[in-house]
Structure formats: C-alpha cells, structure tokens
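Hi there,

Here is the structure I promised to pass on. Please have a look at it first, and then read my notes below.

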Amino acid sequence: MTRSIGSLILVGAALTFPACRAVEVESGTKGIAQASEMQCHDARRSLEQAVENFDLLEGHMPRSEAALVPKYLITESSLMDLDATGTVVAARGSGCT
C-alpha cells in the first residue's frame, strides 16, 4: 500500500513539473526585458549623477562623457551619452529611450 502511494505521488509530480517549468521560462523572458529597462535607468541615473558632481566640483558642465572618466565614472557608458548641452541622452543603437 505504501508503495502505491509513493508511485502515485511520483507520477503526479512528473505530470505537474513541465507546466511549472513553462511558467518559469515565460517569467524569465519578461525578467530579461525588465532588466534591460533597469539597465537603461541605472545608466542614465549614474551619468546624470556624474554630470551633477562634475558641475558642482569643477564649476562647469563637462564637455564630453570622456571628461568624467576616471574621476566621476569608471568607464564611459555604452547605453547613455551627453549631448552638446551636457544633457544625458540615450546612446544611438543602445535600445534605451
């Protein structure tokens, strides 16, 4: 009798597992899209903060993103750029808005 219950539980788990896995894959795909949005948001915020710090400490806006490296940024962002006025804008082809 114990063997029959154990077999029934094992079969039930095997039948429900594929459905759970499909839900995980779908959620993972949505997670990737959200991660991209979060990366763009974080890159924008980091660059805006670096520009603000540069302006406060240097007394003028940076002429380029390169002027922020390495003192205010570790590296230039591949997702964001500065326009001619020092405003943070999405880099061409980055997928950010």
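**What I found**

Cys96 is buried, with a relative accessible area of 11%. Please keep in mind that this is a predicted model.

What is Cys96 joined to? Its partner is Cys40, and the two form a disulfide with an S to S distance of 2.0 Å. The pair links distant parts of the chain, with the two positions 56 residues apart: Cys40 lies in helix H1 (residues 2-58), while Cys96 belongs to the segment after strand E2 (88-90). Cys40 is buried as well, at a relative accessible area of 12%; both values fall under the 20% cut-off for a buried residue.

Is this disulfide left-handed or right-handed? The torsion about the S-S bond of Cys40 and Cys96 is about -80°, so the disulfide is left-handed. If you are counting cysteine links, the structure holds 1 disulfide.

Now for the chain as a whole. Its secondary structure consists of 1 helix and 2 strands, and along the sequence these follow the pattern α-β-β. The chain has 97 residues, of which 19% count as buried. Among contacts with a separation of 6 or more, 30% come from residues 24 or more positions apart.

As for the surface, the accessible area of the chain is about 7400 Å². Carbon and sulfur atoms account for 60% of that surface.

Happy to go through any of this with you whenever it suits.

Best wishes

Conventions: Residues numbered from 1 in each chain as written. Predicted model: local features only at pLDDT ≥ 70, side-chain atom pairs only at ≥ 80, totals over all residues. Heavy atoms only, no water. Helix = DSSP H or I, 4+ residues; strand = E, 2+ residues; numbered from the N terminus. Buried < 20%, exposed > 50% of the residue type's maximum accessible area, 1.4 Å probe, protein only. Contact = heavy atoms within 4.5 Å. Areas by Shrake-Rupley, 256 points an atom, 1.4 Å probe, with all protein chains shown as cover. Disulfide = S-S within 2.5 Å.
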